[in-house]
Amino acid sequence: MNASTRLEVRDLTKSFYGVPAIDSVDFDLVGGEIHGLLGENGAGKSTLCSVLSGLYRPDSGSVTLNGEPVQFRSPQDAARRGIGMVYQHFRLVDSFTVAQNMVLGLSKDQRPGSFRQIGARVHDLAEEYGLHVDPSASIWQLSVGEQQRVEILKQLFRGAEILILDEPTAVLAPQEADHLFDAVSTMVEKGHAVVLVSHKMAETIDYTDRITVLSRGRVAGRAVTAETSASEIAAMMFEEAGAAKRAPVASGTAVGEPALVLSDVRVRGDNGLVAVDDASLTVHRGQVVGVAGVAGNGQRELQEAIAGLRPLDRGKVRVCGRDCTSLNPKGRSRAGLAYVPEDRLGTGLAPGLTLEHNMVLKSHDRAPHSRWGLLSRSAISETTAKLENAFDVRGNRSGMQVSLMSGGNLQKAILARELTAEHEVLLAAAPTRGLDIAAAEAVRTHIVNERDAGRAVLLFSEDLDEVIHMSDVVLVMYEGRIVGSFGRDEVDIEEIGLLMTGSATSSETIAAPEVEPVAAR
Amino acid sequence: MTSGATARPHNRMSRGISGRIKVTPRGFGGPFVRFGIPVAALFVALLLGALILLAAGDNPVDAYRTMFDASLSGPTAWARTLALATPLILTGLAAAVAFQMRVYNIGAEGQLYIGAIAASGVGLALPEATPMVLMLGAMLIVGAMAGALWAGLAAVPKALFDADEIITTLMLNFVALSLMNYLIFGSQTFWRDPQRVVPGGKRLPESAIMPAISGRMHIGILVAVASAVIIWWLLARTSWGFTVRTIGDSKPAARYAGMSVKKQILIVLALSGALAGIAGVSEVSGVTKGLEPRSLATDIGFTGIIVAVVARSNALGVVPVSVFLAAIATSGSRLQSIGIQVEVVLLLQGLIFLTVTAGEYFVTNKVSLAPRMHAAVPADDPVPTSREPSTASIEAQASEPDALVPEQVAT
């Protein structure tokens with residue numbers, strides 16, 4: 001590793017609405033290195049990258065590029081100075097060719113000649129770095145892996161010396177990922193510096209030279225990769241989750257019979273690839289089972305499969321002993337499943353319609369809300385008023401579209417609707433995400449009450465702290481599989497952290513639904 | 001409290017030109033907003049129109065009085081306007097009911113032709129002595145069914161393969177037009193009157209003609225207004241309408257609630273086609289009194305789309321909007337008769353329509369000058385987004401799982 005420091009970040013702070021997303025962060029990047037940037041969801045990785053690539057301006061702190069203090073005015077400004085970012089969601093125009101995308105947004109004098117010349121240059125770059133792609137192909141014709149190559153070529157084409165790759169392997173198949181890292185290795189050999197944002201332990205260990213770990217907006221640790229280990233890194237990433245002073249909620253007394261049973265479930269994602277595989281789990285009455293995992297490891301697909309919104313490739317879903325595999329969402333809801341979806345506005349609620357409408361979304365076609373197909377507006381208003389009172393939903397005005405209410409009240413409204421419907425199982429996805437402390441506490445109380453009333457709760461959350469705090473059994477999901485299971489007394493943050501980042505397999509993976517996960521009493 | 005909504009694309013807050021004009025969705029406005037703004041917009045249109053008329057050397061006062069006299073003053077004028085409004089209400093409803101579910105039926109024009117062909121076929125085929133109630137009833141039912149089936153040609157591929165209904169319904173218009181032309185101009189069919197030198201349709205028997213109420217206005221207007229009330233009632237007061245409105249607002253929410261989106265696409269497109277078909281029945285029976293392609297193909301179906309957009313897809317709103325459009329159209333020909341050039345007339349019509357339509361934007365959005373805080377940004381700083389994330393940056397974050405901070409605090 002040579003010692004030429006390319007980028008020096010000192011004391012960088014950036015807040016949104018007064019909440020710091022990154023707080024006094026120091027970060028160094030030297031030429032010829034791959035620098036891993038790790039952290040949980042919401043740790044501040046994207047914010048830091050967005051500041052470095054000119055998308056946000058920091059509130060305070062300094063950025064020094066090649067020894068010269070800089071303040072980027074825009075992503076174009078950062079690009080001109082040699083910093084290029086490759087986002088997880090590509091910034092390409094589908095109907096344009098590769099060559100056209102290369103010069104998209106460049107002014108005329110920055111454009112090097114005709115598209116043929118551009119194509120030739122792309123071809124040369126592709127050869128040089130091993131990023132093969134046809135310059136005359138349109139983006140929509142290319143696979144995701146090829147599109148990513150185009151994104152990287154675009155940055156190289158524009159003279160990027162420093163490349164920031166935001167979770168580049170999240171969208172790739174394993175062999176594509178190997179190919180990508182070959183190209184990245186070539187880049188650093190030629191003196192480029194690469195920031196690799198990642199959740200995956202294996203690739204971090206294998207490919208980076210140094211790592212910086214962020215946790216809740218602060219630097220939680222730095223290390224030279226060769227001198228550290230996966231468990232040390234996991235400890236840095238998840239340290240705070242364990243250090244939280246909140247005592248776990250008192251565990252329910254009686255764990256009853258199984259209420260939600262998944263056996264051997266396989267589900268495909270929107271892109272047709274297997275998103276969840278071999279997923280088996282059992283939630284008993286009087287028990288909260290929490291699923292921890294980094295976002296995008298199949299949690300959403302699994303939730304939708306349980307709720308009946310996504311067909312199963314294989315496997316079975318049983319609610320209260322009844323096989324629900326072939327039932328639609330309505331059938332499953334009648335079988336006793338209540339579902340608080342991740343996407344509050346848009347799925348859980350119809351955003352442009354009134355609170356009244358949304359409160360009877362699932363029961364509008366039944367008495368008392370309608371008779372012989374005619375809506376009873378008085379009954380609907382009555383139900384709404386009752387739910388508003390019982391769950392402390394505030395901020396509704398008559399005729400107002402529900403999307404104008406605050407996130408906390410929206411979530412309370414969904415809980416009100418779901419928890420007052422007859423149900424035995426609650427499936428709650430990211431129920432406290434984005435809520436203020438009071439609203440989040442109220443939501444957690446409702447979940448605990450559910451358990452204490454003898455119902456079964458399956459909780460998905462990206463907040464590891466919350467999962468550990470709430471759950472009687474913690475499951476860990478990684479790349480579509482359930483890779484670990486911990487009873488309340490066996491929770492080991494470091495072990496869970498390693499499983500979440502895919503660097504270890506649990507000693508006691510759940511094999512079958514019959515094997516009851518050790519429930520704490 | 002609106003901050004919770006700003007991070008949602010659904011209810012986006014956009015920054016206007018140079019960040020000085022602030023546009024926020026109103027959500028809902030009081031009666032002053034809902035009725036005051038359209039009236040104010042009409043006055044603005046008349047004022048602008050006066051300038052054009054003056055520039056063209058015409059007297060605006062005379063012109064406006066003529067327009068008013070021709071379309072809205074006295075029973076004759078009203079009859080003329082309402083006769084023109086009748087098919088517009090029906091095609092407007094056809095578009096509105098589909099738009100309610102965000103399905104875009106651009107094919108009311110063709111569905112109207114098919115309805116007219118079917119209804120005139122029934123009128124010519126049944127014995128002349130058939131009582132009028134039975135005759136007109138049969139024509140309405142068959143015309144509506146024909147329109148529904150024609151729309152079904154687009155609805156089935158939409159429901160099964162998600163084929164873009166904008167394309168399919170639009171293309172079917174040309175098929176329907178060619179079919180109608182063929183029946184009269186291209187062949188010797190049952191519909192064509194062999195006696196006439198210039199090709200035309202056989203005249204319908206008296207029992208198949210909708211009786212006139214006054215002047216050109218016939219009982220089709222009653223059918224149209226009744227349809228508007230029924231559609232409004234179905235959408236607002238029934239459990240089926242609840243489903244349609246839910247799907248129109250959010251398909252994921254509808255699926256989540258266990259509603260079948262595909263089934264409703266079929267039902268709603270069929271209903272939309274039936275309404276356009278009824279417009280065809282009303283025209284062929286009440287106006288042309290025989291299958292007359294030249295008189296039927298007057299873009300009534302396309303104008304219905306405009307009606308639905310201006311009425312914000314509200315079934316009851318379709319009625320006044322249709323009458324308003326019809327009034328502008330009827331007054332146009334009279335303006336020419338007092339010597340105002342046709343170009344000026346068209347300009348005037350377009351101006352009034354455009355201004356009133358544009359006024360709708362202010363009904364649904366609140367537009368205000370941004371508060372002083374932007375003035376604090378240094379003059380050499382053209383992008384005041386560093387302190388306050390703009391829509392663009394919020395969206396950029398929303399797409400990245402790592403940056404949920406703005407959402408977290410926006411409760």
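Select helix α3 of chain B, together with α2 (31-55), α4 (74-99) and α14 (315-337) of the same chain: these three are among the elements that cover the buried residues of α3(B). Before going further, keep in mind that everything on this tour belongs to a predicted model.

**Stop 1: helix α3 of chain B**

Stay with residues 60-72 of chain B. This helix has 13 residues, and from its first C-alpha to its last it reaches 17 Å, close to the 18 Å expected at 1.5 Å a residue. Now colour B:Ala63, B:Met67, B:Ala70 and B:Ser71, which are the buried residues of α3(B). They cover an arc of only 80° around the axis, so they sit on the same side of α3(B). A general rule helps here: an α-helix has 3.6 residues a turn, so residues three or four places apart point the same way. Step past the end of the helix and you arrive at B:Gly74, which follows α3(B) and has a positive phi, near 90°.

**Stop 2: a strand with both faces covered**

Switch to chain A and select strand β7, residues 162-166. How many of its residues are buried? The count is 5 of the 5, so β7(A) is largely enclosed by the rest of the structure. Turn the strand to look at each side: A:Ile162, A:Ile164 and A:Asp166 are buried on one face, and A:Leu163 and A:Leu165 are buried on the other. In general, side chains in a regular strand alternate between the two faces of the sheet.

Next, add the partners of this strand. Strand β6 (residues 83-86) of chain A pairs with β7(A) in the parallel sense over 4 bridges, and A:Ile83 stands opposite A:Ile162. Strand β8 (residues 193-198) of chain A also pairs with β7(A) in the parallel sense, over 5 bridges. Here A:Leu165 stands opposite A:Leu196. To follow the chain from β7(A) to β8(A), trace it through helix α6 (residues 174-189) of chain A; this β-α-β crossover is right-handed.

**Stop 3: helix α13 of chain A**

Select residues 407-420 of chain A. At 1.5 Å a residue, the 14 residues of this helix should span 20 Å, and its end C-alpha atoms are indeed 20 Å apart. Of those 14 residues, 13 are buried, so α13(A) is largely enclosed by the rest of the structure.

**Stop 4: the nonpolar cores**

Show both chains for this one. The largest nonpolar core has 251 residues, and those with the most contacts inside it are A:Val425, A:Leu427, A:Leu459, A:Val476, B:Leu93, B:Leu275 and B:Val318. Its largest share, 14 residues, comes from α4(B). Apart from it lies another core, of 6 residues, including B:Leu53, B:Ala63, B:Leu335 and B:Ile340. You have met B:Ala63 already, as one of the buried residues of α3(B).

Then centre on A:Val425. Which residues does A:Val425 touch, not counting residues up to four places away in sequence? They include A:Ala259, A:Leu260, A:Val283, A:Val319, A:Gly336 and A:Arg455.

**Stop 5: backbone exceptions**

As background, most residues other than glycine have a negative phi, and most peptide bonds are trans. Find A:Ala367 and A:Pro368, which are joined by a cis peptide bond with omega about 0°. A:Pro368 is in the loop between α11 (355-359) and β17 (370-371) of chain A.

Two positive phi values come next. A:Asp264, in strand β11 (residues 258-268) of chain A, has a phi near 55°. Is A:Asp264 buried or partly exposed? With 14 C-beta neighbours inside 10 Å, A:Asp264 counts as partly exposed. In chain B, the phi of B:Ser313 is near 60°. B:Ser313 is in the loop between α13 (300-310) and α14 of chain B, and is buried, with 21 other C-beta atoms within 10 Å.

**Stop 6: two last residues in chain B**

Select B:Gly248 in helix α9 (residues 239-249) of chain B. B:Gly248 counts as buried, with 22 C-beta neighbours inside 10 Å. Leaving aside neighbours within four places in sequence, B:Gly248 is in contact with B:Gln100, B:Met101 and B:Arg102.

Finish at B:Pro31, in helix α2 of chain B. B:Pro31 is exposed, with 7 other C-beta atoms within 10 Å. Draw a distance from B:Pro31 to B:Glu343: the two are 312 residues apart in sequence and 36 Å apart in space, C-alpha to C-alpha.

Conventions:
Residues numbered from 1 in each chain as written. Chains lettered and ligands numbered in written order. Predicted model: local features only at pLDDT ≥ 70, side-chain atom pairs only at ≥ 80, totals over all residues. Expected span 1.5 Å × (residues − 1). Buried ≥ 20, exposed ≤ 12 C-beta atoms within 10 Å, placed from the backbone. Pairing = 2+ DSSP bridges. Right-handed = clockwise from strand over helix to strand, strands pointing away. Arc of directions from axis to C-beta. Contact = placed C-beta atoms within 7 Å. Core = buried A, V, L, I, M, F, W, Y, C linked by C-beta atoms within 7 Å.
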